[in-house]
Amino acid sequence: MVIKLLMGNEAIAHGAVEAGVKVAAAYPGTPSSEILETLAAMAGEHGFYTEWSVNEKAALETAIGASFTGARSLAAMKQVGLNVAADPLMSLAYIGIKGGLVLVVADDPGPHSSQTEQDTRKFAQFAKLPVLDPANPAEAREMAKYAFELSEQLLLPVILRPTTRTCHACQDIDLPEDIRKNPPPAGFEKDPNWVIFPSLSARKHIWLNKQQERTGNILGLSPFNRLEIDGDTRVGIVACGLSYNYVREALQLTGLRASVLKVGTPYPLPAAPVMELFKHVDRILVIEEQEPVVEDQLISLAWQQGLTAPISGKHDRLVAREGEFDVDKVKAIIEKFYGLQPESGQETPLPELPLRPPVLCAGCPHRASFYIFKEAARGTEAVFTGDIGCYTLGAIPPLNALDTCLCMGAGVTMAAGLHRVEPGRKQVAFLGDSTFFHSGVTGLINAVYNRADITVVILDNRTTAMTGHQPHPGIGNTGTDGQGTTVDIAGLARACGVDFVREVDPYDLTAGIKAAGEAMNHNGPAVVIMKRECTALVEKDRPYTIDRKDCIDCGACVENLGCPAIGRQDGLPAINANCTGCGVCAQICPVQAIRRKL
Amino acid sequence: MKSDIVISGVGGQGSILASRALAGAAIAKGLNVLTSEVIGMAQREGPVTSHIRIGNNLSGALIPDYAADYLISLELSETVRNLNKLRPGGTVITSKTAIIPTSVQLGLSKYDDEIYVQYIKEQAEKAIFLDLESLSLQAGTPRAGNVVIMGAFSTCPGLPLQGEQILQAILQLVPERYRNINTHAFELGRQAMEEF
C-alpha cells in the first residue's frame with residue numbers, strides 16, 4: 001500500500017480505475033471536473049478510454065454504449081448536468097445495463113458554483129436507481145469501486161453522489177500498488193431487450209419496481225450504513241453522507257449522547273439498519289443536507305411498521321432544506337432537539353468589509369467584448385441575454401452587461417423568445433465557445449429555422465475556462481489521448497444557415513464595435529465570434545501604465561471596465577502588477593494617457 | 001496531536017498550494033489529514049478559504065467556528081472575515097498587504113486597513129503582521145507570498161509538523177525551476193518571525 005493525498009474527485013477516479021473502468025466520459029462542471037481530469041491522466045497507463053464529451057447527455061450515452069458491450073463505464077457531471085442527461089438516464093433505468101455503469105453526479109449545496117441546490121438523491125429516487133452518498137474522499141473511493149459491482153449485480157446504473165465538500169476535500173488515502181486487470185468485455189450481443197418499445201417498457205417497469213426491494217435488501221448489509229448504538233441513551237440520530245461528520249463532531253463538542261445511524265445509501269433506504277435503530281431509541285432526529293430523502297423514507301417505513309417513535313427533521317422545520325451544513329449548524333440543531341438553548345457568543349461586530357465578488361480576470365477578452373457590444377448598442381433598448389460560464393460575471397458592476405442567465409444554452413433561445421414579443425427591440429445573446437457546442441448550436445439552428453432576428457455573440461476564448469480550462473470541439477485537442485478533429489465555429493454557424501458571420505478580435509475595439517453594429521442591424525440571425533485566447537492560458541504581454549501628467553482623472557478606465565489591474569494610487573487611476581498588456585484601457589482613454597511600458 | 005489550520009486569502013494568491021503543502025507534510029509525519037478548499041467561481045479574485053485538519057480520528061474537513069489553532073492569511077481584510085474561526089488563544093499570522101477589490105475602486109464598498117489591523121489586535125491574543133509584499137519581492141517574485149507565510153508558520157512552537165517537511169512538501173508541488181526561489185521565500189518567512 002502507498003499513502004497519497006487525494007482530493008475527493010481524484011479518489012473517485014482511483015476507485016473507478018481499481019474497478020477496471022474501460023470507458024469514462026464527462027462534461028466539465030464544478031465541483032465534478034477533476035474526476036475526468038484524473039481519469040484522463042491515468043488512462044494511458046491503465047489502458048482505458050476517456051473523453052470530454054460535448055455535453056452531459058453525450059457523456060452518459062457514450063458510457064451506456066460502452067456498457068452494452070459488457071465494459072465497465074463511467075459518466076461524470078455536476079448536478080445541473082444531470083438535467084441535460086435526464087433523458088437517457090430515465091430510459092436506461094428501464095433497459096438496464098451489461099457492464100457496470102456508474103454515474104457520478106456532484107451536488108453543490110450552498111450553492112458555491114451552481115444555479116440550483118437540487119438534490120441528486122431525489123433524482124435517483126425519481127429514476128428508481130440506487131444512489132451512494134460518501135462522507136469523505138476515502139469512502140468516495142470505496143463507493144466508486146463498489147458501485148460497479150452493485151451495478152452489475154442489479155443490472156442497473158448506480159449513481160454516486162458526492163457533494164462539494166467531498167469533491168474538493170483532500171484526505172490521506174491508502175492505495176494499492178498494483179491494480180488487477182479485468183478480462184476484456186464480451187462485446188455487444190444483439191438482443192431485442194436493448195430496444196425500448198412501449199411493450200418492453202411495460203414489462204421492464206415491473207422489473208424495475210421489483211429491483212427497488214432487492215436493492216434495499218442488498219444495501220441493508222452494506223458497510224456504508226453503520227449503526228453506532230449508545231446504550232446509555234434512548235435518542236437516535238440518522239445522518240446521511242457528509243452530515244455524519246458534523247453529527248459526530250457536534251456530539252463530541254456538546255458531550256451529548258445518541259445512537260447514530262450513518263447512512264451511505266440514501267435510496268433505496270435499507271430497512272434492516274433502520275429497524276435495528278428503532279429498537280434502541282424512543283425518538284429520532286434525521287440530519288441530511290438538501291431534501292428530506294432519508295427522512296421521508298424513514299417516516300414511511302415507521303408508519304408501515306407501526307412504529308410510533310417521533311421523528312424530527314425537515315418536516316418539523318428543525319433541519320434546514322436549504323444551504324450547506326457545517327459543524328456549527330448541526331450542533332445548533334442537535335442542541336435544539338435536546339431542548340437546550342444554543343450558546344450565544346458575545347461577538348464584537350465585524351468592521352465593514354469590502355465586497356469581493358469574483359470578477360473577470362485582468363485582461364479577460366470577455367470584458368472587451370461586453371464593452372464593444374454596450375458601445376454598439378448605446379442609445380438602444382437592447383436586451384443582452386447571458387449564459388453559463390466565466391462571462392456570467394459580465395452581469396456585475398461596472399459592466400452590468402447581462403440581463404438574463406438561466407442555464408446552459410438558454411441565452412440564444414431566450415433571446416429568440418424575447419424577440420417574438422418585442423420584435424422592434426434588439427436582442428443579443430452571449431455564450432462561450434464550449435457552451436455553444438454544449439447546447440447553444442441547437443438554439444442557433446432554431447433561430448435560423450424560425451427566422452428569429454437576433455444577434456448571437458460567441459465568446460470564443462479557445463477553452464472551457466470557468467471549470468479549469470478543459471478542451472472542446474473548437475480546439476481539436478481532446479485533452480485526453482491526443483488530437484481530435486477541430487470543429488470550426490464560423491463554418492458551423494454558416495452551415496446552420498446564418499448569412500451574417502463575423503470573426504473579430506475583442507482587443508480591437510474599433511473593429512469590434514463596427515462588426516457589432518452591423519450584426520445588430522442585420523435582418524435575420526447574425527453571429528459574431530469574439531475570438532481571443534483566455535488570458536490565463538497565454539503569456540502576459542508588456543504591461544501598460546498611466547502617465548500621471550496626462551491623466552485627467554475622468555474615471556473612464558476604472559468605471560467602464562472594472563479591470564482588477566486598474567486601481568488608484570494617490571488619487572489617480574494607476575495600473576498594477578496584474579496588467580496583462582491587453583491594451584483595451586488604452587483604447588478608451590480620451591486623452592491617450594495610457595501607454596505601453598517601454 | 002491535533003491541529004486545525006485555516007488559510008484565507010484572495011483567489012490566485014496560492015492558498016491551495018499552501019494547504020496541500022501542509023497536508024503533504026502531515027502525511028510525511030504519519031498523521032491523518034483532511035483539507036477543504038474553495039475551487040471554482042470564487043477563484044476569480046473572490047475570497048478563498050482552506051481548512052486543514054491534522055491529527056488522528058478526524059471528523060469532517062470543515063473546522064467549526066472558534067476552533068482553529070491557526071489563522072494564516074494572505075490578505076488583511078480576509079483575515080478579519082475569517083477571524084471567527086480562531087479559537088481563544090489561537091495564533092494569527094497575516095499579511096499586512098491590502099488587495100483592494102474593484103468594488104472599492106467603484107465606490108461600492110469600503111476598505112480600511114487601520115480599522116482591520118486594530119480589530120485583529122483586539123480579537124486575537126497572538127497576531128503577527130508580515131509585510132508579505134516586500135518579503136515576496138525580496139524572494140524574487142510578487143507571487144511568493146504563500147511560501148513566505150508558510151516559512152513564517154513553520155517556526156510556530158508546538159506544531160505537529162516539522163518546518164523542513166513543510167518546505168519539502170512545497171518543493172514537491174512546484175516546478176523544478178522555481179525550487180531556489182521558493183526555498184529562499186520560505187527562509188525569508190522563517191527569518192521574519194525572529195522579529196516577533
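Trainee: Before we look at strands, when do two strands pair here?
Mentor: Two strands pair if DSSP finds at least two bridges between them. Strands (E, at least two residues) and helices (H or I, at least four) are DSSP runs, numbered from the N terminus.

Trainee: And what am I looking at?
Mentor: A predicted model, where local features need pLDDT of at least 70, side-chain atom pairs count only at pLDDT 80 or more, and totals for chains, interfaces and linings use all residues. Residues are numbered from 1 along each chain as its sequence is written, while chains are lettered from A and ligands numbered from 1 in the order in which they are written.

Trainee: Cool. Which residue stands opposite I458(A) in β16(A)?
Mentor: That's L431(A). Strand β15 (residues 427-432) of chain A runs parallel to β16(A), and five bridges join them.

Trainee: What about β18(A), which residue there is the bridge partner of I458(A)?
Mentor: I529(A). β16(A) and strand β18 (residues 526-531) of chain A also pair in the parallel sense, over six bridges.

Trainee: Is β16(A) mostly covered or exposed?
Mentor: Mostly covered: six of its six residues are buried, meaning 20 or more other C-beta atoms, placed from the backbone, lie within 10 Å of a residue's own.

Trainee: Switching topic: at what angle do the axes of α3(A) and α5(A) cross?
Mentor: Roughly 30°, and they come within 8 Å. Axes are lines fitted to C-alpha atoms, for helices over the stretch in contact, with angles from 0 to 180 degrees between N-to-C directions.

Trainee: So what do we call that?
Mentor: α3(A) and α5(A) are therefore roughly parallel to each other, the word for angles under 35 degrees.

Key. Parallel < 35°, antiparallel > 145°, perpendicular 65-115°, else oblique. Buried ≥ 20, exposed ≤ 12 C-beta atoms within 10 Å, placed from the backbone.
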